[in-house]
Amino acid sequence: MVRKGSGSWRMCIDYTYLNKACLKDSFPLPHIDQLVDTTFGHQMLSFMDAYSGYNQIKMNPTDEEAIAFQIDRGLYCYRVMPFGLKNAGATYQRLMNKIFKTLVGRNMEVYKDDMLVKSLEKYQHISDLE
C-alpha cells in the first residue's frame, strides 16, 4: 500500500515479471496526430474520459490466478483488469473499437479511455452525442 498525495491509500502491485512472461498483444493503437487531423472542419467537439473504464473489463477466470496477490488476511485476485498489465491498453482499445464500431471514424474517435465526439455542424452535436 502506498499513501497518495491526498492522504488516502492506493494498492500497487509490480507486474514486471508477469509482463515479461506474456506475449505482446499487437493490436494497433491509433496515432494521435491522425486523430487530431480528423477533427479539422468540425464545428463542435466533446472530449470524454472513461476514467474507470479499465475496471469494467472482466478478467478471464483462468487468468485471475496469474494476477493474485497476498496480504496478511489471505490470497486475493482481481476479477476486473487492473492497471499495470502489459496488454491492458490494447485490450481496452480493441473493446472500444468493437463497441463504437459504427461511430469511430465518422463522428467519434477513441484512444484507449479518451473519447471524442465531433460534429461538422453545431446543430448536429446533441444527436451525435446521443
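Are Tyr54 and Tyr92 buried or exposed? In this predicted model, Tyr54 is buried, and Tyr92 is buried as well. The legends below take up this pair and its surroundings.

**View 1. Aromatic cluster of Tyr54, Phe83 and Tyr92.** Four aromatic pairs are counted in the model. One of them joins Tyr54 and Phe83 in a tilted arrangement, with 4.9 Å from centre to centre and 45° between the planes. Because Tyr54 belongs to the loop between E3 and strand E4 (69-71), and Phe83 to the loop between strand E5 (74-76) and H3, this pair ties together parts that are 29 residues apart in sequence. Tyr54 has a relative accessibility of 7% and therefore counts as buried, the limit being under 20%. The ring centres of Tyr54 and Tyr92 are 4.6 Å apart and the planes stand at 15°, so this pair is stacked. Since Tyr54 lies in the loop between E3 and E4 whereas Tyr92 lies in helix H3, the contribution of this pair is to tie together parts that are 38 residues apart in sequence.

**View 2. Helix H3 and its buried residues.** Helix H3 comprises the 12 residues 88-99; at 1.5 Å a residue these should span 16 Å, and the end C-alpha atoms are indeed 16 Å apart, so the two values agree. Buried in this helix are Ala88, Gly89, Ala90, Tyr92, Gln93 and Met96. The packing partner of the buried residues of H3 is strand E6 (108-111).

**View 3. Hairpin of strands E6 and E7.** Strand E6 pairs with strand E7 (residues 114-119) in the antiparallel sense, over four bridges. Within this pairing, Glu109 is placed opposite Leu116 in E7. Two residues lie between the strands of the hairpin, and Lys112 adopts a positive phi near 50°.

**View 4. Surroundings of Thr39.** Thr39 is located in the loop between helix H2 (32-37) and strand E3 (44-49). With a relative accessible area of 18%, Thr39 falls under the 20% limit and is therefore buried. Leaving aside residues up to four places away in sequence, Thr39 touches Leu45 and Leu116. Leu116 also appears in View 3, where Glu109 stands opposite this residue of E7.

**View 5. Span of the annotated domain.** An unreviewed UniProt entry lists residues 1-130 as "domain: Reverse transcriptase". Across residues 1-130, the end C-alpha atoms lie 40 Å apart, and the span is 22% helix and 20% strand.

How values were computed: Residues numbered from 1 in each chain as written. Predicted model: local features only at pLDDT ≥ 70, side-chain atom pairs only at ≥ 80, totals over all residues. Heavy atoms only, no water. Expected span 1.5 Å × (residues − 1). Buried < 20%, exposed > 50% of the residue type's maximum accessible area, 1.4 Å probe, protein only. Contact = heavy atoms within 4.5 Å. UniProt positions renumbered as here; feature names shortened; annotations may be inferred. Pairing = 2+ DSSP bridges. Phe/Tyr/Trp six-rings, centres within 6.5 Å; stacked < 30°, edge-to-face > 60°.
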